[in-house]
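Here is a friendly note to read alongside the structure. The points are numbered so that you can take them one at a time.

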Amino acid sequence: MTTLYILDVPENTALAEVAAEDPEVTIGRIGPYFEIYATGPIVIDRRATGCRHAVWYSAIGGVARNSRITQHDKNALRVEPA
């Protein structure tokens with residue numbers, strides 16, 4: 001299971017919403033975080049979120065031990081199984 005955590009604040013809501021458009025992705029909550037998980041990769045397109053660069057690069061709260069970030073640039077965030 002690939003798992004990404006993003007702090008649940010108004011600035012980050014668009015990331016969870018865009019991730020949820022993928023039918024393979026599930027969004028939950030754990031404490032003050034969105035828990036975004038899937039059996040395969042999680043890919044979030046930055047332009048689709050409308051996030052400015054400062055919000056985009058500071059949005060990640062963490063990933064689960066069995067997940068790794070393979071892309072985090074101005075185009076997309078990609079988290080894959082480790």
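1. Charges: the protein chain carries 8 positive and 10 negative charges, and the mean positions of the two groups lie 8 Å apart. Lys and Arg count as positive and Asp and Glu as negative, while His and the chain ends are not counted; each charge is placed at NZ of Lys, CZ of Arg, CG of Asp or CD of Glu.

2. Ground rules: this is a predicted model, in which local features need pLDDT of at least 70 and side-chain atom pairs count only at pLDDT 80 or more, whereas totals for chains, interfaces and linings use all residues. Residues are numbered from 1 along each chain as its sequence is written, and side-chain values use heavy atoms, with hydrogens and water left out.

3. Overall fold: three helices and seven strands make up the secondary structure of the protein chain, and along the sequence they follow the pattern β-α-β-β-β-α-α-β-β-β. Both kinds of element are DSSP runs numbered from the N terminus (helices are H or I with at least four residues, strands are E with at least two).

4. Size and surface: the C-alpha atoms fill a box of roughly 30 × 25 × 20 Å along the principal axes. The radius of gyration is 11 Å, which agrees with the value near 12 Å for a compact globule of 82 residues (taken over C-alpha atoms; the rule is 2.2 Å times the number of residues to the power 0.38). The accessible surface comes to about 4,700 Å², with 50% belonging to carbon and sulfur atoms (Shrake-Rupley method, 1.4 Å probe; for residues, only the protein chains shown count as cover).

5. Burial and contacts: of the 82 residues, 34% are buried. Buried means under 20% relative accessible area, exposed over 50%, and partly exposed in between (1.4 Å probe, protein chains only). Among contacts (heavy atoms within 4.5 Å) between residues at least 6 apart in sequence, 58% join residues at least 24 apart.

6. The core: which residues touch the most other members of the largest nonpolar core? They are Leu4, Ile6, Ile36, Ile42 and Ile44, out of 17 residues. Strands S1 (2-7), S3 (33-38), S4 (42-45) and S7 (76-81) and helix H1 (13-20) each give two or more residues to this core, with the largest share, four residues, coming from H1. Such a core is a set of buried Ala, Val, Leu, Ile, Met, Phe, Trp, Tyr and Cys residues joined through side-chain atoms within 4.5 Å. Beyond residues up to four places away in sequence, Ile36 touches partners including Leu4, Ile6, Ala16 and Ile42.

7. Helix H1: its buried residues are Ala14, Leu15, Ala16, Val18 and Ala19. They pack against S1, strand S2 (26-30), S3, S4, H2 and H3.

8. Thr49: this residue of helix H2 (residues 46-49) counts as buried because its relative accessibility is 10%. Leaving aside neighbours within four places in sequence, Thr49 contacts Ala14, Leu15, Val18, Ile44 and Trp56.

9. Asn75 and His53: Asn75 sits in the loop between strand S6 (67-72) and S7 and, at 27% relative accessibility, is partly exposed. Beyond its neighbours within four places in sequence, Asn75 contacts Ile44, Asp45, Arg46 and Arg47. His53, in helix H3 (residues 53-58), is partly exposed with a relative accessible area of 40%. With neighbours within four places in sequence again set aside, His53 contacts Arg46 and Lys74.
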